[in-house]
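Visitor: I am new to this structure and would like to be taken through it. May I put some questions to you?

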Amino acid sequence: MPSKSLHPESLLAHAGGGFDKTTGAVVPPIQPSTTFVRDESYELVSSGHLYSRDDNDLFRKTEALIARLEEAKDSRLFASGMAAIAAILRTVKPGGTILLQSGIYWGTTIFFRRNCERTGVKLMELDATDKDALAAAIADTKPDLVFLEVPSNPFLRVADIAAISAQTRAIGATLCVDATAATPLILKPLTLGADLVVHSATKALNGHSDVLGGVVSTADAASEAWGFITQERHDAGAVMGSFEAWLLLRGMRTLSLRVERMNANALAFAKHFDGHAKVKTVLYPGLTGHPEHALAARQMHGGFGSLMSLLIKGTKADALTATGSLDLFQRATSLGGVESLVEHRETIEGPQSGIPDTLLRLSIGIEHIDDLIADMEQALAAI
Ligand code: PLP
């Protein structure tokens with residue numbers, strides 16, 4: 001790893017570089033071997049190379065880079081964002097309590113609900129932006145784990161990580177933040193007092209919609225939770241493949257440029273459609289009318305992310321007509337890729353998710369902003 005003083009942009013541009021001492025290649029090789037030999041006296045030929053479920057050079061390289069970005073003590077890659085979240089959830093023993101932010105990624109919510117029901121962990125779901133209710137719940141129920149998503153998907157609510165971390169610290173609870181929609185370039189929850197930060201690396205970290213991955217980072221590598229998570233990755237085996245780790249590291253080389261463009265596009269797009277005749281509300285923390293704009297501006301640096309939602313004026317049919325009329329935005333789930341995506345979330349997650357049927361979730365990519373605005377204008381004109 002290069003010198004500590006380098007900016008994230010420089011670290012990222014050289015991600016994994018200077019790796020191959022034999023050839024001088026500026027990008028690391030992919031090591032497909034799952035197993036590694038021992039010599040005649042049964043010592044490993046190369047220490048640290050035993051079996052690819054234990055570890056792998058590309059994991060270490062990528063984890064070290066992400067730990068630098070997060071200002072973390074350590075990081076671990078997982079096979080997907082959900083695999084990473086599962087390892088965090090399982091830090092809570094049967095009989096324990098989890099406080100989960102409500103109105104977050106439905107896949108996380110439903111996973112916590114199903115898992116807690118089976119394992120005898122008490123689950124409470126609360127609006128994490130309701131400061132007083134949250135503080136009272138933390139003090140009264142003393143959860144083992146508080147799990148936030150900042151900004152939340154698809155409602156873009158912004159919880160106050162520093163304030164909540166003071167409360168979790170007072171009772172010895174673990175505070176974990178899913179900061180997927182922000183990226184570590186604009187939000188570093190560990191510097192605000194969180195104990196763990198998790199990302200679906202499938203999204204902007206990789207950024208090209210061609211890798212499934214997850215990553216957890218810790219503020220304290222000696223904590224019980226971190227010991228469990230690292231052991232769990234090894235034992236439960238939810239590891240990333242070598243090829244995926246290589247693609248992720250390659251994708252991250254351009255992370256700073258992509259995030260810069262996506263942030264700028266998203267803010268311009270949100271401002272353009274804020275107050276539009278066919279749009280009831282634009283949910284985006286970069287807008288001054290957003291309920292947590294001031295907090296978001298304090299917590300985030302360099303932008304507000306590429307995720308936003310539009311609540312369309314009219315009916316579900318109108319929202320689906322607009323979605324169906326888009327040309328440049330691809331109608332697909334996921335977020336954080338270079339291509340802009342639109343999703344009618346209620347169709348995907350079902351009415352039980354509580355997502356309004358007029359909500360369009362948008363992931364803003366790196367296209368020219370005028371083309372994105374023109375595409376949404378013509379789609380809204382079709383309603
Ligand atoms: N966290 C957030 C905020 C997400 O949006 C998603 C997926 O959409 C996940 C976690 C799950 O990540 P993965 O699909 O990589 O398992």
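Visitor: Which residue with a positive phi follows α9?

Guide: This is a predicted model, where local features need pLDDT of at least 70, side-chain atom pairs count only at pLDDT 80 or more, and totals for chains, interfaces and linings use all residues. Residues are numbered from 1 along each chain as its sequence is written, and side-chain values use heavy atoms, with hydrogens and water left out. Helices (DSSP runs of H or I, at least four residues) and strands (runs of E, at least two) are numbered from the N terminus. After α9 comes a residue with phi near 85 degrees, and that residue is Gly-275.

Visitor: How far apart are the end C-alpha atoms of α9?

Guide: The expected span of a helix is 1.5 Å times one less than its number of residues. α9 has 19 residues and should therefore span 27 Å. The distance in the model agrees with this, at 26 Å.

Visitor: Which residues of α9 are buried?

Guide: Buried means under 20% relative accessible area, exposed means over 50%, and partly exposed lies in between, with a 1.4 Å probe and protein chains only. In α9 the buried residues include the polar-named Ser-256, Asn-263 and Asn-265. The others on the list are Leu-255, Arg-258, Val-259, Met-262, Ala-266, Phe-269, Ala-270 and Phe-273.

Visitor: What is the strand order in the open sheet of five strands?

Guide: Two strands pair if DSSP finds at least two bridges between them. The pairing in this sheet is mixed. Its order is β8-β9-β12-β11-β10.

Visitor: Why is one side of β8 and of β10 left without a neighbour in the sheet?

Guide: β8 covers 279–283 and β10 covers 330–331. Both stand at the edges of the sheet, so one side of each has no neighbour there. The reason is that each has a single partner strand.

Visitor: Which residue in β11 stands opposite Gln-330?

Guide: β10 pairs with β11, residues 341–344, in the parallel sense over two bridges. Opposite Gln-330 in β11 stands Leu-341.

Visitor: Which residue of β12 is the bridge partner of Val-342?

Guide: β11 and β12 run antiparallel and are joined by four bridges. On the β12 side, the partner of Val-342 is Leu-362.

Visitor: Which residue of β12 does Ser-309 stand opposite?

Guide: β9, residues 307–312, is antiparallel to β12, with five bridges between them. Opposite Ser-309 in β12 is Arg-361.

Visitor: How many of the five residues of β12 are buried?

Guide: β12 runs over residues 359–363 and is mostly covered. Leu-359, Arg-361 and Ser-363 point one way, while Leu-360 and Leu-362 point the other way, and all are buried. The count of buried residues is five.

Visitor: How much space lies in the largest pocket?

Guide: Rolling a probe the size of a water molecule over the atoms shows where empty space is left. On a 1 Å grid over the protein atoms alone, a pocket is an open set of points where a 1.4 Å probe fits, with protein on both sides within 12 Å along at least five of seven lines, and lining residues have an atom within 4 Å of a point. Grid points are joined across faces, edges and corners, and a volume is the space filled by probe spheres set on the points. For the largest pocket that space is about 420 Å³.

Visitor: Which residues lie nearest the centre of the largest pocket?

Guide: Its lining draws at least three residues from each of domain 1 (8–252) and domain 2 (255–381), with bounds from an automatic or database domain assignment. α1, α2 and α9 each supply at least two residues of this lining. Of the 23 lining residues, those nearest the centre are Pro-8, Glu-9, Leu-69, Leu-185 and Lys-188.

Visitor: Which residues lie nearest the centre of the second largest pocket?

Guide: The second largest pocket holds about 350 Å³ of space. α3, β6 and α12 each supply at least two of its lining residues. Nearest its centre, among 26 lining residues, are Tyr-105, Asn-153, Thr-180, Ser-200 and Lys-203.

Visitor: What is omega for the cis peptide bond from Asn-153 to Pro-154?

Guide: Pro-154 is in the loop between β4 and α6. The bond that leads to Pro-154 from Asn-153 has omega near 15 degrees.
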